[in-house]
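Here is a set of short exercises to work through with the model open beside you. Try each task before you read its solution.

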Amino acid sequence: MGLTKFFLALYLTGLILTHVIVSVTGDDRQDFLDGHNTARAEVGHGVEPLVWNYTLAAYAQAYANKRIPDCKMEESDPDGPYGECLAAGYGEFSAVDAVNGWVSEKPYYDHESNKCVHSECGHYTQVVWRDTKYLGCARSKCDNGWVFVTCNYYPSGNYYGERPY
């Protein structure tokens, strides 16, 4: 009986992971990585490129799916182990659109004071956080017609008082 439950769990896990992998295309995956890694390369200071992580992508997809009914821009788990950036847009709102939005906060980050100036910059600092190594992202089409995008990061960033690079 125990072996049957094990194989059933393995089968169901396979179905779930297959759904997750199909949900973010290879092009999306590369667009997410390229956007992040271009911003990281511009910083220099030992900020290495991110590597795609399927566990993070599965986490992101599960949360993106949860947001389908309402497209609410609220964190999946504010005290959780992962960093997170959220975005929403209409039309085809792509991986490139989401990452460009986060990276567009760059002018508002003042490295000298380690503060955001005149606007939000926490998405940008998470994108370029030096200690972050892994990335997983997902998109979902919400019932209101918008597209919800989430990226998760490990190790997370944006620790109060610490510089991103």
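Read along the sequence, the protein runs α-α-β-α-β-α-β-β-α-β-β. Please keep in mind that the model is predicted.

**Exercise 1. The overall build**

Task: Find how many helices and strands the protein has, and what percentage of its residues count as buried.

Solution:
- Start with the elements: the protein has five helices and six strands.
- Turn next to burial: of the 165 residues, 37% count as buried.
- Then take the surface: the accessible area comes to about 9,300 Å², and carbon and sulfur atoms hold 56% of it.
- Finish with the contacts: among those with a separation of 6 or more, 69% are between residues 24 or more positions apart.

**Exercise 2. The largest pocket**

Task: Work out which residues lie nearest the centre of the largest pocket, and which element gives the largest share of its lining.

Solution:
- The largest pocket holds about 340 Å³ of space.
- Its lining is made of 20 residues, and Glu75, Gly83, Glu84, Gln126 and Asn158 lie nearest the centre.
- Two elements, strand E2 (83-89) and helix H5 (122-127), each supply at least two lining residues.
- E2 gives the largest share, with four residues.
- Sorted by character, the lining has six nonpolar, 10 polar and four charged residues.

**Exercise 3. The second largest pocket**

Task: Describe the second largest pocket by its volume and its lining.

Solution:
- The volume is about 250 Å³.
- The lining counts 14 residues; Asn114, Tyr159, Tyr160, Gly161 and Glu162 are the ones nearest the centre.
- Strand E4 (115-116) and H5 are the elements that give two or more residues to this lining.
- By character, the lining of the second largest pocket splits into seven nonpolar, five polar and two charged residues.

**Exercise 4. Asn152**

Task: Decide whether Asn152 is buried or exposed, and find the side chain that its own side chain joins in a polar contact.

Solution:
- Locate the residue: Asn152 sits in strand E6 (residues 147-154).
- Apply the cut-off: buried means under 20% relative accessible area.
- Asn152 has a relative accessible area of 1%, so it is buried.
- Look at the side chain: a polar contact of 3.3 Å joins Asn152 to Glu84.
- Glu84 is also one of the residues nearest the centre of the largest pocket.
- Leaving out residues up to four places away in sequence, Asn152 touches a set of residues including Leu56, Tyr59, Ser76, Gly83 and Tyr134.

**Exercise 5. Cys142**

Task: Find where Cys142 is placed, and how many residues separate Cys142 and Ile68 in sequence.

Solution:
- Cys142 is in the loop between strand E5 (134-141) and E6.
- The relative accessible area of Cys142 is 4%, so Cys142 is buried.
- In sequence, Cys142 and Ile68 are 74 residues apart, yet their C-alpha atoms are 4.1 Å apart in space.
- Beyond residues up to four places away in sequence, Cys142 touches Arg67, Ile68, Cys71 and Phe148.

**Exercise 6. Asn37**

Task: Say whether Asn37 is buried or exposed, and which residues it contacts outside its sequence neighbours.

Solution:
- Asn37 lies in helix H2 (residues 26-43).
- Its relative accessibility is 18%, so Asn37 counts as buried.
- Setting aside neighbours within four places in sequence, Asn37 is in contact with Pro49 and Leu50.

Terms used. Residues numbered from 1 in each chain as written. Predicted model: local features only at pLDDT ≥ 70, side-chain atom pairs only at ≥ 80, totals over all residues. Heavy atoms only, no water. 1 Å grid on protein atoms, 1.4 Å probe; cavity = no way out; pocket = protein on both sides within 12 Å on 5 of 7 lines; lining within 4 Å. Points joined across faces, edges and corners; volume = space filled by probe spheres on them. Nonpolar A, V, L, I, M, F, W, Y, C, P; charged D, E, K, R; others polar. Buried < 20%, exposed > 50% of the residue type's maximum accessible area, 1.4 Å probe, protein only. Contact = heavy atoms within 4.5 Å. Areas by Shrake-Rupley, 256 points an atom, 1.4 Å probe, with all protein chains shown as cover. Polar contact = N/O pair within 3.5 Å; in protein donor to acceptor, adjacent residues only side chain to side chain.
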